[in-house]
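Let's take a friendly walk through a protein model and look at its aromatic rings. Have the structure open beside you as you read.

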Amino acid sequence: MGKALIIGAGGVASVTVHKCCQNPDVFEEICIASRTKSKCDALKEKLDGGRTKISTAQLDADNVDEIIALINEFKPDVVINLALPYQDLTIMDACLATKVHYVDTANYEPLDTAKFEYKWQWAYREKFKEAGITALLGSGFDPGVTGVFSAYALKHHFDEIHYIDILDANAGDHGHHFATNFNPEINIREITSKGRYFENGEFVETEPMEIKRVYNFPEIGEKDMYLLYHEELESLALNITGIKRIRFFMTFSEKYLTHLRVLENVGMTSIESINFEGKEIVPIQFLKTILPDPASLGPRTKGKTNIGCIFKGVKDGKEKTYYLYNVCDHEECYKEVGSQAISYTTGVPAMIGAMMIMTKKWDKAGVYNIEEFDPDPFMEELNKWGLPWKESFNPDMVD
Ligand code: NDP
């Protein structure tokens, strides 16, 4: 069917590359391009020999001209951005200049402020529309599948959804004292920021980790979870009409939080650059270099993740609750693609999002969040590609 340019060669990209190669009818050819070419070459070596043709390239995705040159050479139908959120706008600029579709899994963030906002990417709406190309924003799990779940719940089970609680539980154990499951810099920036949730038309701010609940997750059991701000709250608050409240909770163990608190107290999570022996360094970037590489956690991680959404609303005049979730097993993921479940649950939806665009099942020009498309074909593919979903019509609610 066509060609995809995959930018980035980290944990998530590795899964997406595996999944594209399992789907050669759609992904006839892929090019893996990243800052460190050896990582792209290692992936190619592992997966070469199947029906999907693989090439690799060195690319600095902060440089628009370099991306344009690579797009002109490879001529992809879609660019799947699995680098870091800092590269979103340069890659979108290059897609615009070459009229190629764009997919990502995380919204743009300026390097110097930990702020998750769609405004920079939404500002491209008219330009993408005029160019006749699609930007699909947030095609990972959360954001990503959580938006698809919301659109599906609204389409099939509710006349109005009033409350959404997004619950992200990871019961994986990797045996390290402290490690993050995906890019440490992005992960730590996210959870040391203030919490925020949407209620009655506005966002309410909380201190970091101020709101704690305990939830008994299907197939995982009881876990402590904390309210965080997460980027899909911003788009869901606009796109799910009638919504009164949306919250996002993530599970953390006491051990993880104690380590994080100490690192924060001594200044290791700071994003302000400091002078160290005559060189400017950013503490959180230094911390990233000494923490275990998330890609190395795969072979060590045991246990499951459970990520999903609990909805409460009205159908045919009656109150109704509904829970949609996916359970993913770290060891099963590792057996299949050599990565743990966090990368897996992000990398699979990135492939499916690109597939929706390449097959034209999702076909509208402009910049859209994932819940703005028909959820049905995506839900179908989740079941086929390793992230089957389950539903409950009588879930425990979060107070
Ligand atoms: P990694 O750090 O493992 O991988 C990032 C990759 O991008 C690396 O290969 C890195 O290169 C490359 N890269 C970074 N900067 C540049 C640049 N300037 N030019 C070219 N390549 C670059 O991160 P993950 O794979 O864990 O995460 C990838 C993305 O997925 C992130 O944006 C993250 O926020 C998002 N994510 C989304 C989730 C969701 O559910 N929606 C969940 C988890 C992650 P190098 O190898 O040289 O460092």
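The model you see is predicted, and a search of the whole structure turns up 20 aromatic pairs. One of them joins F203 and Y229, whose ring centres are 5.9 Å apart. Why is this pair called edge-to-face? Planes over 60 degrees apart count as edge-to-face, and the planes of F203 and Y229 meet at 85°, so the pair earns that name.

Now trace where these two partners sit along the chain. F203 belongs to strand 9 (residues 202-206), while Y229 is in the loop between strand 11 (221-228) and helix 9 (232-239). The two residues are 26 residues apart, and their pair links distant parts of the chain.

Is each partner buried or exposed? F203 is partly exposed, because its relative accessible area is 31% and partly exposed covers values between 20% and 50%. Y229 has a relative accessibility of 6%, so this residue counts as buried.

Next, turn to Y323 and Y325, which form a tilted aromatic pair. Their centres are 4.7 Å apart, with 45° between the planes. Both Y323 and Y325 are buried.

Rings can also join up in a group. Here F158, F311, Y322 and F393 are linked into a cluster by ring pairs.

Finally, look for charges that meet rings. K119 lies over the face of W120, at 4.8 Å from the ring centre. In the case of K364, the charged end sits over the ring of F373, 4.9 Å from the centre of that ring.

Terms used
Residues numbered from 1 in each chain as written. Predicted model: local features only at pLDDT ≥ 70, side-chain atom pairs only at ≥ 80, totals over all residues. Heavy atoms only, no water. Phe/Tyr/Trp six-rings, centres within 6.5 Å; stacked < 30°, edge-to-face > 60°. Helix = DSSP H or I, 4+ residues; strand = E, 2+ residues; numbered from the N terminus. Buried < 20%, exposed > 50% of the residue type's maximum accessible area, 1.4 Å probe, protein only. Lys NZ or Arg CZ within 6 Å of the ring centre and 35° of its normal.
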